[in-house]
Amino acid sequence: MGVHVQGACMPWATAGYHPVAPEWPQMAIEQQRAEVVVVVDPYGSGRFLVDELLLRGWPLVAVRSSSEVHESLGSSWDPAPFERTLVHCGDVLGTARSLREGLKRPVAVVAGSEPGAELADALAEVLSLRGNGTALSRCRQDKHYMHERLRECGLLACAQRRCGSVPEAVMFASELGPGASIVVKPCASSGTDCVVKCDSTEAVADAAAAVLGGRDIAGRRNDAVLVQEHLHGAEYIVDCVSLDGQHLVTAIWACQKARLGSEFAYDRTTTVPFSSEEGSLQRTICEYVFQCLAALGVQTGASHTKVVYNETQGPCLIKSCPWMHGSVAPAVWAACAGREQAQAYLLADALAEGGMVLSWKLEAIGMGSPAYELANYSIILDLQCHEDGVLARSVEEVAGEWIRALSSFWMMKCDLEPGDRIHRARDRLTSPGYIVLIGPDPAIVEQEAAVIREAERNGQMYILSSSSTSSKTPTPPACSDDEGTWGKCGLFLPPVAAPCDPSPRMRALEAQMANLLQSPSASPELLPKACAEFVLDGVLE
């Protein structure tokens with residue numbers, strides 16, 4: 001039986017979060033709350049935070065930083081859980097005024113994904129709520145200013161230059177010396193979006209030209225290109241939740257990238273056990289990350305920070321992102337370490353519940369307890385097709401059955417159908433999907449990941465219309481545990497029916513909003529609040 005949210009077009013039970021029976025009574029709290037939590041750009045992994053807040057009974061308001069969003073994020077947009085949806089039109093004070101004038105007072109503002117981070121900080125500051133402030137916003141959004149800020153604070157940062165033209169990029173690459181490995185990227189790239197490793201000035205010129213004038217994943221135009229030295233070493237991601245300048249490690253991941261020609265593609269991301277031993281890799285990395293967060297002004301909220309570590313220089317920052325770890329990482333970590341250790345759970349606690357659980361965890365760590373303990377090991381395996389073409393058969397049809405039979409299978413995302421174009425994997429955006437493997441025995445999980453990679457290399461997963469490659473099914477290793485009981489997809493519990501399509505009224509409102517925002521005659525009189533507002537199943541105000 002589903003519980004309906006005011007103004008929603010679907011019950012919670014089909015909106016992506018599926019609480020167990022003992023937790024349902026908490027939903028009644030919503031009727032008593034006179035406050036709301038504001039989520040800016042609740043896309044991607046932000047949906048896990050939305051689910052967690054709903055489970056705690058919090059009414060929600062969505063703010064969209066723009067009516068346009070990259071397709072990799074916008075496909076996850078679901079208006080159903082929100083009482084109101086505002087579309088920001090460039091005036092922070094106007095959007096803050098609209099939030100204040102709502103029936104319920106905002107108690108917290110949080111970024112649901114990368115595009116909303118800067119606006120969330122600005123709104124929280126105007127509304128006098130906890131956040132990171134705006135004084136160092138540029139240093140948290142732009143990698144050039146990020147590394148320069150670290151340098152100012154005496155922390156290790158890579159050699160770099162922000163270049164406004166191709167000749168300037170080539171000149172800086174030459175200054176780094178012959179034989180130097182160079183990385184060219186947008187100043188605000190996401191994942192491996194347009195990130196190219198170059199071994200010659202000609203390659204630098206080509207990569208810089210590709211970046212300049214284009215747009216990044218958040219829709220921002222690239223008016224400059226960032227040229228950096230290539231950092232050598234192992235890559236790690238440290239997830240944190242912060243409260244008033246105190247930082248809690250919620251997860252550590254190891255990232256492995258595959259070099260595909262001159263470009264990088266993620267190969268896999270794996271869970272890393274915690275260690276607080278003096279001199280341990282985990283402790284060294286975490287101490288450096290805490291220093292980076294302090295230097296960048298991260299005070300309250302979620303973050304995930306990528307660093308490269310080698311024995312010679314120690315950890316060095318790639319980038320620090322003041323929003324939740326993306327993709328399915330929050331759900332995977334919950335399956336490995338428990339819901340109470342998930343970033344969404346602790347972020348909801350910090351922002352909306354006063355940080356009671358977070359404070360308790362920090363106190364326990366101070367007394368010698370580990371930041372987390374893993375019950376399972378996981379690999380998030382980014383899929384890699386090795387050629388461009390058109391799929392003759394879907395991956396599900398060709399390999400779905402034997403992949404799902406793997407003992408450590410947890411979930412798979414590959415939505416390509418016959419007739420869809422598939423690209424040679426060059427970065428995360430051109431990967432056809434991913435498979436998550438979870439189990440208590442790392443050796444078995446690694447073995448089954450190797451089976452999938454071998455199938456990709458041998459043409460046993462991607463059957464292209466012009467390919468004569470055999471679709472022979474590889475034989476999975478002979479191993480099992482509890483009949484594959486990790487094979488589930490969702491945040492913490494098994495899935496239910498897919499969400500319904502937006503209501504006709506919702507589609508009409510979105511079309512009306514788009515026309516209004518794009519109208520050449522738009523004026524302060526047409527947009528008195530500097531934003532467009534939706535009340536679902538209501539009218540455009």
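Helix axes here are lines fitted to C-alpha atoms over the stretch in contact, and the angle between two of them runs from 0 to 180 degrees between N-to-C directions. With that in hand, this predicted model can be walked through piece by piece.

First, the overall picture. The chain has 541 residues, and 55% of them are buried. Its secondary structure adds up to 15 helices and 19 strands. Sequence neighbours are not the main story in the contacts: taking those between residues at least 6 apart in sequence, 70% join residues at least 24 apart.

Helix α1 (residues 46-55) is a good place to start. Nine of its ten residues are buried, so α1 is largely enclosed by the rest of the structure. The buried set is Gly46, Phe48, Leu49, Val50, Asp51, Glu52, Leu53, Leu54 and Leu55. As for what does the covering, the list includes the strands β1 (35-40), β2 (60-64) and β4 (105-111), along with the helices α10 (329-337) and α11. Just past the end of α1 sits glycine 57, with a positive phi of about 85°.

One of those covering helices, α11, deserves a closer look. Two packed helices are described by the angle between their axes and the distance between the axes. For α1 and α11, the axes come within 9 Å and cross at roughly 60°, which makes α1 oblique to α11. The crossing is right-handed. On the α1 side, the contact is made by Phe48, Leu49, Glu52 and Leu53, and on the α11 side by Ala344, Tyr345, Leu347, Ala348 and Ala352. Sorted by class, this contact has eight nonpolar residues, no polar ones and one charged.

Helix α11 (residues 343-352) also meets α12 (residues 356-366), and there the axes come within 6 Å and cross at roughly 110°. The two helices are therefore roughly perpendicular to each other. From α11, the residues in this contact are Tyr345, Leu346, Asp349 and Ala350, while α12 brings in Met356, Val357, Leu358 and Lys361. The tally by class for α11 with α12 is six nonpolar, no polar and two charged residues. Tyr345 turns up in the contact with α1 and again in the contact with α12.

Another helix, α8 (residues 201-211), has Val204, Ala205, Ala207, Ala208 and Val211 buried. An α-helix has 3.6 residues a turn, so residues three or four places apart point the same way. The buried residues of α8 pack against helix α7 (166-175) and against the strands β6 (182-186), β7 (196-198) and β8 (225-229). After α8 comes glycine 213, whose phi is positive, near 90°.

Among the strands, β18 (residues 434-439) stands out for its burial: six of its six residues are buried, so β18 is largely enclosed by the rest of the structure. Both of its faces are covered, with Tyr434, Val436 and Ile438 buried on one side and Ile435, Leu437 and Gly439 buried on the other. Strand β18 also has pairing partners. With β14 (residues 377-382), β18 runs antiparallel and is joined by six bridges; here serine 378 has isoleucine 438 as its bridge partner. With β16 (residues 409-413), the pairing is again in the antiparallel sense, over four bridges, and methionine 411 stands opposite valine 436. Both of these β18 residues, Val436 and Ile438, belong to the face that also holds Tyr434.

Key:
Residues numbered from 1 in each chain as written. Predicted model: local features only at pLDDT ≥ 70, side-chain atom pairs only at ≥ 80, totals over all residues. Heavy atoms only, no water. Parallel < 35°, antiparallel > 145°, perpendicular 65-115°, else oblique. Contact = heavy atoms within 4.5 Å. Nonpolar A, V, L, I, M, F, W, Y, C, P; charged D, E, K, R; others polar. Left-handed = near helix turned anticlockwise from the far one by under 90°. Buried < 20%, exposed > 50% of the residue type's maximum accessible area, 1.4 Å probe, protein only. Pairing = 2+ DSSP bridges.
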